[in-house]
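Please work through the exercises below with the sequence and the structure side by side. Each one sets a task and is followed by a solution that goes step by step.

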Amino acid sequence: MFFKNKFRGSFTILCFAFILLGLYYYFLHPYLPKEEKALTPTTEVPEVKKEEKVLEQLNHENDGQEEISNPLYVIPVIIFTYKRAKYLRKTLNTVFKYLPSNKYKVFVSQDGFDAAVKRVVDSFGSKIAKHFQRERIIKIPDNPVVRIPEYYSIAQHYKFGIDNVFSTDPTFDRIIILEEDLEIAPDFFDYFNRMSTLLDKDTTILCISAWNDNGMKGYVSDPTAVYRSDFFPGLGWMIKRKLWEDEIGPKWPIGFWDDWMREGENRKGRVCIRPEVSRTYTFGVRGGASSNQYSNYLLHIKLNQEKVNWNNFDINSLIKDKYDDQFLTKVKHAPLIKLDNIKSYNYKGVTLRVEYKSNDEYLEVAAKLGIMPDIKDGVPRGAYLGTITIKYRGNTVYLTTPTQSPVTYLNTPPYKQK
């Protein structure tokens, strides 16, 4: 009996303890601080790695993208045309093939009212921001040096078109200028996006050009190389609105506009930026340059097809002080070689220097090497500080004056030929 009563008492105490424990967990435990669950490799880390992998893939896909966004302004692109409708269509096709989705607006300026040209423009619909048509009235001076109406009409058409584009939108800060017979490279717009900022950073720069006058196959090799040039190249170029409205536009000539741009009193020691491998190619064998000039030089210009990530290009390397120091150092340290020996030079990948002492001697050197033998207002095509840079038989060759400084023209006032 004693053990039976003792067992009952113990059982009652045990039940009471369980009841108290249950009340504790029910009423108090939810309000006590909880221990945070530790981050383990099996829970969170795989998700982080997955996210990093996606980001890495996206970054890789964006490497070298054709479009480099710059939200500050929209850049107008004007294409000048006369009456070569098939040429215009080809140019527009290449422009829209590589045109980024935003940032640019394409304008067409037509000299005259050729119906076939208008049909081509209309066929592109809203892709063309605006189509200007100029009544083809040509002003020719009383005593012209050369009486070729086309040279005067082109110059007068240029002023008409550029003025009209800038009047369309006061926010247009600069403009890219093309013609109806130009094919552009895949990275044409990337190149201009990157180089455009130089117009804001260096007042010694007059324009950005897509063209190398000596860019024939066999004379170029590096698609990433960019140079300063005292010779205005044209054939796909950019200038700022302020320069046009304050200086160039008001005194624009009625004829021979490109040679006028090369005159010292207009250039004023300023330069154009140009690539080693051209970003434009002219296919205008009909109605353009002379047949000899086209077949001998323009036909053989190399249009870049290689992908270049212009985001990685150091544009500060083209600012005058830094560029001049590096450029002149390279020229001065290049071994001198006689022109007659350069064709038989057996080494590759070296830098050489060939000297010329006068304009006439330069024309002779250029003709023997196969580049365009041409000088405008004392400046050879493609020259900078009197030096022309070409690639020749696998080597870099500088054609330069004996002192590696300009002797045929001046870069300081009064900008006159010696």
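**Exercise 1. Aromatic rings**

Which residues are linked into a cluster by ring pairs? Then describe the pair formed by Tyr87 and Phe283, and state which parts of the chain this pair ties together.

Solution. The model is a predicted one, and side-chain atom pairs are counted only at pLDDT 80 or more.

Step 1. The cluster linked by ring pairs consists of Phe80, Tyr158, Phe232, Trp237, Trp244, Trp252, Trp257 and Trp260. The structure as a whole holds 28 aromatic pairs.

Step 2. A pair of aromatic rings is described by the distance of the centres and the angle of the planes. For Tyr87 and Phe283, the ring centres are 5.2 Å apart and the planes stand at 85 degrees, so this pair is edge-to-face, given that planes over 60 degrees apart count as such.

Step 3. Tyr87 belongs to helix H3 (residues 85–98), whereas Phe283 sits in the loop between strand E10 (280–282) and helix H11 (291–296), so the pair ties together parts that are 196 residues apart in sequence.

Step 4. Buried means under 20% relative accessible area, so Tyr87 counts as buried at 13%, and Phe283 counts as buried at 10%.

**Exercise 2. Helix H6 and its aromatic pair**

Determine how Phe188 and Phe192 are placed relative to each other, and decide whether H6 is mostly covered or mostly open.

Solution.

Step 1. Phe188 and Phe192 form a tilted aromatic pair, with 4.8 Å from centre to centre and 55 degrees between the planes.

Step 2. Both residues lie in helix H6 (residues 188–196), and because they are four residues apart there, about one helical turn separates them.

Step 3. Phe188 and Phe192 are both buried, and H6 is mostly covered, with eight of its nine residues buried. Among the buried residues of H6 are Phe189, Asp190, Tyr191 and Asn193.

**Exercise 3. The surroundings of Ile176**

Where does Ile176 lie, and which residues is Ile176 in contact with beyond its neighbours within four places in sequence?

Solution.

Step 1. Ile176 is placed in strand E4 (residues 174–179), and its relative accessible area is 0%, which means that Ile176 is buried.

Step 2. Leaving aside neighbours within four places in sequence, the contacts of Ile176 are Ile75, Pro76, Val77, Ile78, Tyr104, Phe188, Phe192, Trp237 and Met238. Phe188 and Phe192 on this list are also the tilted aromatic pair of Exercise 2.

Step 3. From Ile176 to Phe189 there are 13 residues in sequence, and the C-alpha to C-alpha distance is 9.8 Å.

**Exercise 4. Charges over rings and positive phi angles**

Which ring does Lys127 lie over, and which ring does Arg136 lie over? Then find where Lys103 and Asp377 are located, and compare their burial.

Solution.

Step 1. Lys127 lies over the face of Phe96, at 5.4 Å from the ring centre, while Arg136 lies over the face of Tyr82, at 4.0 Å from the ring centre.

Step 2. Lys103, a residue other than glycine, has a positive phi near 80 degrees, and its place is the loop between H3 and strand E2 (104–111). With a relative accessibility of 9%, Lys103 counts as buried.

Step 3. Asp377, likewise not a glycine, has a positive phi near 50 degrees, and is found in the loop between strand E12 (375–376) and strand E13 (379–380). Its relative accessible area is 32%, so Asp377 is partly exposed.

**Exercise 5. Empty space**

How many cavities of 30 Å³ or more does the structure hold, and which element gives the largest share of the lining of the second largest pocket?

Solution.

Step 1. Rolling a probe the size of a water molecule over the atoms shows where empty space is left. The structure holds two cavities of 30 Å³ or more, and the second largest has a volume of about 30 Å³.

Step 2. The lining of this second largest cavity includes Tyr227, Arg228, Tyr323 and Ile388. Strand E7 (226–229), helix H12 (320–333) and strand E14 (388–392) are the elements that give two or more residues to this lining, which divides into five nonpolar, three polar and two charged residues.

Step 3. The second largest pocket holds about 350 Å³ of space. Of its 18 lining residues, Ala225, Val226, Tyr227, Tyr323 and Lys330 lie nearest its centre.

Step 4. H12 gives the largest share of the lining of this pocket, five residues. By class, the pocket lining has eight nonpolar, five polar and five charged residues.

Definitions and conventions: Residues numbered from 1 in each chain as written. Predicted model: local features only at pLDDT ≥ 70, side-chain atom pairs only at ≥ 80, totals over all residues. Heavy atoms only, no water. 1 Å grid on protein atoms, 1.4 Å probe; cavity = no way out; pocket = protein on both sides within 12 Å on 5 of 7 lines; lining within 4 Å. Points joined across faces, edges and corners; volume = space filled by probe spheres on them. Nonpolar A, V, L, I, M, F, W, Y, C, P; charged D, E, K, R; others polar. Buried < 20%, exposed > 50% of the residue type's maximum accessible area, 1.4 Å probe, protein only. Contact = heavy atoms within 4.5 Å. Phe/Tyr/Trp six-rings, centres within 6.5 Å; stacked < 30°, edge-to-face > 60°. Lys NZ or Arg CZ within 6 Å of the ring centre and 35° of its normal.
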